[in-house]
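Here are my notes on this model, set out point by point. Please read them with the coordinates open.

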Amino acid sequence: MKTLTVTEAIRNLATLLKQAIAGEEIGIRTDDTVVVLRPLHSKAPEMLSPREALRRLQSDARLSSVEAENYLREVQAERVATEKRSA
C-alpha cells in the first residue's frame, strides 16, 4: 500500500483519486493513524465468493476471526436447511 502524508496527498489528490478508483490501495497518514482512500461504490458490483467476502472483511478489520467463523457456521446451516427443504 502506498502511504503518504496529508501534505503529499493534498498536492496529488486528483492523481491519488484516479489510482484508488483503479484499485490501488492508498493510505494517508495523520499522526499515528493511516486512513485508506478507496471508492465507496464500484462501477459494477463485484461478485465475491463467501470465502473471499469473509477474507476481505477480515483484512479490513471489520470482522474478527471469531465473527467470521460464526458467520460461516450460520451460512452453512442455512444452506443445509435449504437443501433439506428442496429434497
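1. A cut-off comes first. Residues count as buried under 20% relative accessible area, as exposed over 50%, and as partly exposed in between. E24, at 34% relative accessibility, is therefore partly exposed. K2, at 32%, falls in the partly exposed class too. Keep in mind throughout that this is a predicted model.

2. Overall layout. The protein has four helices and three strands. Read from the N terminus, the order of elements is β-α-α-β-β-α-α. The chain holds 87 residues, and 13% of them are buried. The accessible surface comes to about 7,300 Å². Carbon and sulfur atoms account for 55% of that surface. Take the contacts between residues at least 6 apart in sequence: 25% of them join residues at least 24 apart.

3. Strand pairing. Strand 1, residues 2-5, pairs with strand 2 in the parallel sense, over four bridges. Within this pairing, T3 stands opposite G27 of strand 2. Strand 2 also pairs with strand 3, here in the antiparallel sense and over five bridges. Two positions help to fix the register by eye. I26 stands opposite L37 of strand 3, and R29 has V34 of strand 3 as its bridge partner.

4. The hairpin turn. Strand 2 and strand 3 form a hairpin with two residues between them. D31 sits in this loop. Which sign does the phi of D31 have? It is positive, at about 55°, although D31 is not a glycine. Most residues other than glycine have a negative phi. I would look at this turn in the model. D31 is also exposed, because its relative accessibility is 73%. Its C-alpha lies 9.7 Å from that of V6, with the two positions 25 residues apart in sequence numbering.

5. The core. Which residues make up the largest nonpolar core? There are six: L4, A9, L16, A20, I26 and I28. Helix 2 (13-21) and strand 2 (26-30) each supply at least two of them. In soluble globular proteins, nonpolar side chains tend to be buried together.

6. I28 in detail. I28 belongs to that core. Beyond its neighbours within four places in sequence, I28 is in contact with L4, T5, V6, A9, T33, V34 and V35. Of these partners, L4 and A9 are also core members.

7. The salt bridge. How many salt bridges does a search of the whole structure find? The count is one. It links E24 and K2, whose closest N and O atoms are 3.5 Å apart. E24 lies in the loop between helix 2 and strand 2, and K2 in strand 1, so the pair ties together parts that are 22 residues apart in sequence. Both ends are partly exposed, E24 at 34% and K2 at 32%.

8. Q19 beside the pair. Q19 lies in helix 2. Leaving out residues up to four places away in sequence, Q19 touches K2, E24 and I26. Its contacts thus include both partners of the salt bridge and one residue of the nonpolar core, I26. The C-alpha atoms of Q19 and L37 are separated by 9.5 Å, and the two residues are 18 apart along the chain.

9. A nonpolar surface patch. M1, V34 and V36 form a nonpolar patch on the surface. Together they have about 260 Å² of accessible area. V34 is placed in strand 3, residues 33-37. Is V34 buried or exposed? Neither in full: V34 is partly exposed, since its relative accessible area is 42%. V34 also touches I28 and is the bridge partner of R29.

10. Where to look again. Three places deserve a second view. One is the turn at D31, with its positive phi. Another is the link between E24 and K2, with Q19 touching both. The last is the patch of M1, V34 and V36.

Definitions and conventions: Residues numbered from 1 in each chain as written. Predicted model: local features only at pLDDT ≥ 70, side-chain atom pairs only at ≥ 80, totals over all residues. Heavy atoms only, no water. Core = buried A, V, L, I, M, F, W, Y, C linked by side-chain atoms within 4.5 Å. Buried < 20%, exposed > 50% of the residue type's maximum accessible area, 1.4 Å probe, protein only. Contact = heavy atoms within 4.5 Å. Patch = residues over 30% accessible without salt bridge, like charges linked within 9 Å, V, L, I, M, F, W, Y side chains within 5 Å. Areas by Shrake-Rupley, 256 points an atom, 1.4 Å probe, with all protein chains shown as cover. Salt bridge = Lys/Arg side-chain N within 4 Å of Asp/Glu carboxyl O. Pairing = 2+ DSSP bridges.
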